[in-house]
Amino acid sequence: VGHTFPHDPQTDTVMKHNIGTAAECIVKMSSDGAVTIQNQYNTMNLAADGTLTVTCKVLAVNAETSATIESPEVTVTCETLTAECETATVNASGDAAIEALNVDITSTTLKHNGVNVGDTHTHVSSIPGTPTSVPS
């Protein structure tokens with residue numbers, strides 16, 4: 001019975017389990033110092049240059065107390081990004097930008113520099129419902 005995951009028997013040290021079945025999995029240690037853990041759905045590769053690559057159907061990180069990512073740059077590429085939390089804070093020591101075709105904000109209040117600019121925002125001496133125009 002052949003195995004699913006190729007390796008070089010001359011240079012790689014490999015532990016294999018369930019060879020030739022749908023549940024086949026391996027741990028491969030390469031001569032360059034790279035380590036690969038793989039099954040039919042997931043691959044985790046620790047390259048000799050320090051790069052960690054995880055390829056999988058679903059990635060779940062469960063941290064009981066906290067999780068921290070420290071990096072000079074973080075890029076997330078996806079079709080939909082959802083963050084659910086009780087309180088969210090973004091602190092940027094430089095500029096921050098949102099680029100989108102449409103931006104929807106649902107909130108009981110919306111403030112800019114401490115000033116309400118939400119749906120109850122009013123201007124002094126203006127009459128509600130009266131159209132205004134910008135001078136040309």
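This short tour visits a nonpolar surface patch and two loop asparagines in a predicted model.

**Stop one: the nonpolar patch.** Start by selecting I37, M44, L46, L52, V54, L59 and V61, and show their side chains on the surface. Together these residues make a nonpolar surface patch of about 660 Å². Now colour two strands, β4 (43-46) and β5 (52-55): each supplies at least two residues of the patch.

**Stop two: L52.** Keep the patch on screen and pick out L52, one of its members. Which element holds L52? The residue lies in strand β5. Is L52 buried or exposed? With a relative accessible area of 54%, L52 is exposed, because the cut-off for that class is over 50%.

**Stop three: N18.** Next, move to the loop between β1 (13-17) and β2 (25-29), where you will find N18. Check the backbone here: the phi of N18 is near 60°, a positive value in a residue other than glycine. For context, most residues other than glycine have a negative phi. Switch to the surface view, and N18 counts as partly exposed, at 31% relative accessibility.

**Stop four: N113.** Finally, jump to the loop between β6 (111-112) and β7 (115-116) and select N113. What is the phi of N113? The angle is near 55°, again positive in a residue that is not glycine. How does N113 count by accessibility, buried or exposed? N113 counts as exposed, with a relative accessibility of 70%.

To end the tour, display both asparagines with their flanking strands: N18 sits in the β1 to β2 loop, and N113 in the β6 to β7 loop.

Definitions and conventions:
Residues numbered from 1 in each chain as written. Predicted model: local features only at pLDDT ≥ 70, side-chain atom pairs only at ≥ 80, totals over all residues. Heavy atoms only, no water. Patch = residues over 30% accessible without salt bridge, like charges linked within 9 Å, V, L, I, M, F, W, Y side chains within 5 Å. Areas by Shrake-Rupley, 256 points an atom, 1.4 Å probe, with all protein chains shown as cover. Salt bridge = Lys/Arg side-chain N within 4 Å of Asp/Glu carboxyl O. Helix = DSSP H or I, 4+ residues; strand = E, 2+ residues; numbered from the N terminus. Buried < 20%, exposed > 50% of the residue type's maximum accessible area, 1.4 Å probe, protein only.
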